[in-house]
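This report is written for a reader new to the structure shown below. Please look over the sequence and the model before reading on.

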Amino acid sequence: AYRDPPEVPPDDGDPSGGTLHLTGVRDGTLRIAMGDAPGRPIDRHYRVFVPKAYDPDRSTPLVIMMPGHRVSHYGLASYTNLYRTADQNNFIVVDAEQQFRGTGERRWAWFTDWDWAGETDRSRVFLAGHSRGAAMAYIAALEMPDLIAGSIVQSGFTEFGYLDHRAQAPWTARRVPMVIMHGINDPDVPVRMGDEIVQRLRDLGWVEGEDFVYHRLANVPHRWQHWLNQEWYDFLHARPLPEGG
């Protein structure tokens, strides 16, 4: 049920007061292959927020927000408060629905057991993720450093041996800027997993304060930290993808 588009259209009157297809909120659908059945297409939903200061004649930063396991992307606006941050800083937000697998056990999540290599086109994009979405934000940044300008990894982890896969040092590609956040009181993804992610970045040559920031937060559970939205955006905005990747 959470995958179905809402019956009531999104309210685009707060905070931007924008117009459909120009500013404000709108929903869209892509018809793409199912995660475990490339020959079977399935609808993949998304929600776009365009800030009120958007100018189609000027390039605008993009943040793709990826929610945690089985969390509906339709509720992310109130959970992350990103639309307000986007209005204040003039960037576009895309709340992305997770991948769906339907053969065998039906599952709906960000799957990180994908082929961790491949060619990409040059572009500029920031990834933001929470929990399993944070795992995807971290892995995608390391696998596509010529495409991903920076990543926000909140309450994240890796699996399927990815840390061992990325054990080689020194790193020879671009060090993708990242902001990692993890609550010490997280009952779902222990803080040691955030520590492991950060240690691997250090092993690969990332410099703390220059290439990444780690917020290891006391008294914080498994929640998105919206009060740090401006801080991580400032850090990443100051570190764009260089020309030529």
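How many salt bridges does a search of the whole structure find? The search finds eight salt bridges. The model in which they are found is a predicted one. Three of the pairs are described here, after an overview of the protein and before an account of its sheet and of one buried serine.

**Overview**

The protein has 245 residues, and buried residues make up 50% of them. Its secondary structure consists of six helices and 10 strands. Contacts between residues at least 6 apart in sequence were also examined, and 72% of these join residues at least 24 apart. The protein exposes about 12,000 Å² of surface, and 48% of that is supplied by carbon and sulfur atoms.

**Salt bridges**

Side chains of opposite charge can pair when their charged atoms come close. The table gives three such pairs, with the distance between the closest N and O atoms.

| Acidic residue | Basic residue | Closest N and O atoms |
|---|---|---|
| Glu159 | Arg132 | 2.6 Å |
| Glu196 | Arg192 | 3.7 Å |
| Asp195 | Arg216 | 2.9 Å |

Glu159 forms its salt bridge with Arg132. This pair links distant parts of the chain: Glu159 lies in the loop between E8 and helix H4 (162–165), while Arg132 belongs to helix H3 (residues 132–143), and the two are 27 residues apart. Are the two partners buried or partly exposed? Glu159 has a relative accessibility of 21% and therefore counts as partly exposed. Arg132, with a relative accessible area of 18%, is buried. The values fall on either side of the cut-off, because buried means under 20% relative accessible area.

Glu196 and Arg192 form another salt bridge. Both residues sit in helix H5 (residues 191–203), and because they are four residues apart there, about one helical turn separates them. Glu196 is partly exposed, with a relative accessible area of 37%. Arg192 is also partly exposed, its relative accessible area being 46%.

Asp195 forms a salt bridge with Arg216. Here again the pair links distant parts of the chain, with Asp195 in helix H5 and Arg216 in strand E10, 21 residues apart. Asp195 counts as partly exposed at 25% relative accessibility. Arg216 has a relative accessible area of 42% and is partly exposed as well.

**The sheet**

Strand E10, which holds Arg216, is part of an open sheet of eight strands. In what order do the strands of this sheet lie? The order is E1-E2-E4-E3-E7-E8-E9-E10, and the pairing is mixed. Strand E1 (24–34) and strand E10 (212–217) are the edge strands, each pairing on one side only. From one strand to the next, the twist averages 15°.

Strand E4 shows how the mixed pairing arises in one part of the sheet. E4 (residues 92–96) pairs with strand E3 (residues 62–66) in the parallel sense, over four bridges. With strand E2 (residues 37–50), E4 pairs in the antiparallel sense, also over four bridges. Within the pairing of E3 with E4, the bridge partner of Leu62 is Ile92. Val94 of E4 is the bridge partner of Ile64, and Val94 is likewise the bridge partner of Val48.

Why is E4 described as largely enclosed by the rest of the structure? Five of the five residues of E4 are buried, so the strand is largely enclosed. Both faces of E4 are covered. On one side the buried residues are Ile92, Val94 and Ala96, and on the other they are Val93 and Asp95.

**Ser151**

Another strand of the sheet, E8 (residues 148–154), contains Ser151. This serine is buried, with a relative accessible area of 0%. Which residues does Ser151 touch, not counting residues up to four places away in sequence? Ser151 touches Leu127, Ala137, Ala141, Pro177, Met178, Val179 and Leu236. With Ala137 there is also a polar approach: the side chain of Ser151 reaches the backbone oxygen of Ala137 at 2.9 Å. Trp232 is 81 residues from Ser151 along the chain, and their C-alpha atoms are separated by 9.2 Å.

Notes: Residues numbered from 1 in each chain as written. Predicted model: local features only at pLDDT ≥ 70, side-chain atom pairs only at ≥ 80, totals over all residues. Heavy atoms only, no water. Pairing = 2+ DSSP bridges. Axes fitted to C-alpha atoms, helices over the stretch in contact; angles between N-to-C directions. Buried < 20%, exposed > 50% of the residue type's maximum accessible area, 1.4 Å probe, protein only. Contact = heavy atoms within 4.5 Å. Polar contact = N/O pair within 3.5 Å; in protein donor to acceptor, adjacent residues only side chain to side chain. Salt bridge = Lys/Arg side-chain N within 4 Å of Asp/Glu carboxyl O. Areas by Shrake-Rupley, 256 points an atom, 1.4 Å probe, with all protein chains shown as cover.
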